[in-house]
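Hi everyone, thanks for coming. I have one structure to walk you through today, so let's put it up on the screen.

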Amino acid sequence: MTLQEAIDHALKKANQLGNCECANEHLQLAEWLKELQNIKAEKEAAYSPWRDPKKELPKDGEMVLIREYFRSARHGRFVNHVREFMYFEQYGFKLEEDINKHLGYRITHWMPIPDIPNK
């Protein structure tokens, strides 16, 4: 069972039980599980700068790094590639994926371009 499934189950059970102490305990459990879910998400986000485009998108006009996955004509196999990309909300990543659909192209991850450290 995933955390989200546990949260959904606790909320469903609280709803079924109505207005009683047990229902309140299920609601409290759901709140604690949501807190745990948020803590885990923050920890995972802090661990890796790469973002899942299904969960989070860049700001409009932001230059980002993208991780592409596609069939390379040169190599004859699927490859991963990282490159810069200017993100626009109007088009999202979908336009890029549609143009290269014949290559099995998809953008698997993105990340903000990191600042260059000052010496």
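In what order do the elements of the chain run from the N terminus on? Before I answer, please keep in mind that this is a predicted model. Reading from the N terminus, the order is α-α-β-β-α-β. That gives three helices and three strands in the chain.

Now for the overall build. The radius of gyration is 21 Å, well over the 14 Å that the globule rule gives for 119 residues, so the chain is more spread out than a compact globule. If you prefer to think in box dimensions, the C-alpha trace spans about 65 × 45 × 30 Å along its principal axes. Of the 119 residues, 23% are buried. The accessible surface comes to about 9,300 Å², and carbon and sulfur atoms account for 53% of that. For those of you who think in charges, the chain has 18 positive and 19 negative ones, and the mean positions of the two sets are 9 Å apart.

What about contacts along the sequence? Take the contacts between residues at least 6 apart in sequence: 55% of these join residues at least 24 apart.

Let's go inside. Which residues make up the largest nonpolar core? There are ten: Val64, Ile66, Phe70, Val79, Phe85, Tyr87, Phe93, Tyr105, Ile107 and Trp110. Strand 1 (63–72), strand 2 (77–86) and strand 3 (106–112) are the elements that give two or more residues to this core. Strand 1 gives the most, with three residues.

I'd like to pause on one core member, Tyr105. Leaving aside neighbours within four places in sequence, Tyr105 is in contact with Ile66 and Phe70, as well as Glu68, Tyr69, Arg83, Glu96, Glu97 and Asn100. Two of those partners, Ile66 and Phe70, belong to the core as well.

Finally, a stop at helix 1, which covers residues 3–17 and includes Leu11. Is Leu11 buried or partly exposed? With a relative accessible area of 31%, Leu11 is partly exposed, because buried would mean under 20%. Apart from neighbours within four places in sequence, Leu11 is in contact with Leu27, Ala30 and Lys34. Leu11 and Leu27 are 16 residues apart along the chain, and their C-alpha atoms are separated by 6.1 Å.

That's my tour. Thanks for listening, and I'm happy to go back to any part of the picture.

Definitions and conventions:
Residues numbered from 1 in each chain as written. Predicted model: local features only at pLDDT ≥ 70, side-chain atom pairs only at ≥ 80, totals over all residues. Heavy atoms only, no water. Helix = DSSP H or I, 4+ residues; strand = E, 2+ residues; numbered from the N terminus. Buried < 20%, exposed > 50% of the residue type's maximum accessible area, 1.4 Å probe, protein only. Contact = heavy atoms within 4.5 Å. Rg over C-alpha atoms; globule rule 2.2 N^0.38 Å. Areas by Shrake-Rupley, 256 points an atom, 1.4 Å probe, with all protein chains shown as cover. Lys, Arg positive; Asp, Glu negative; His and termini not counted. Charge placed at Lys NZ, Arg CZ, Asp CG, Glu CD. Core = buried A, V, L, I, M, F, W, Y, C linked by side-chain atoms within 4.5 Å.
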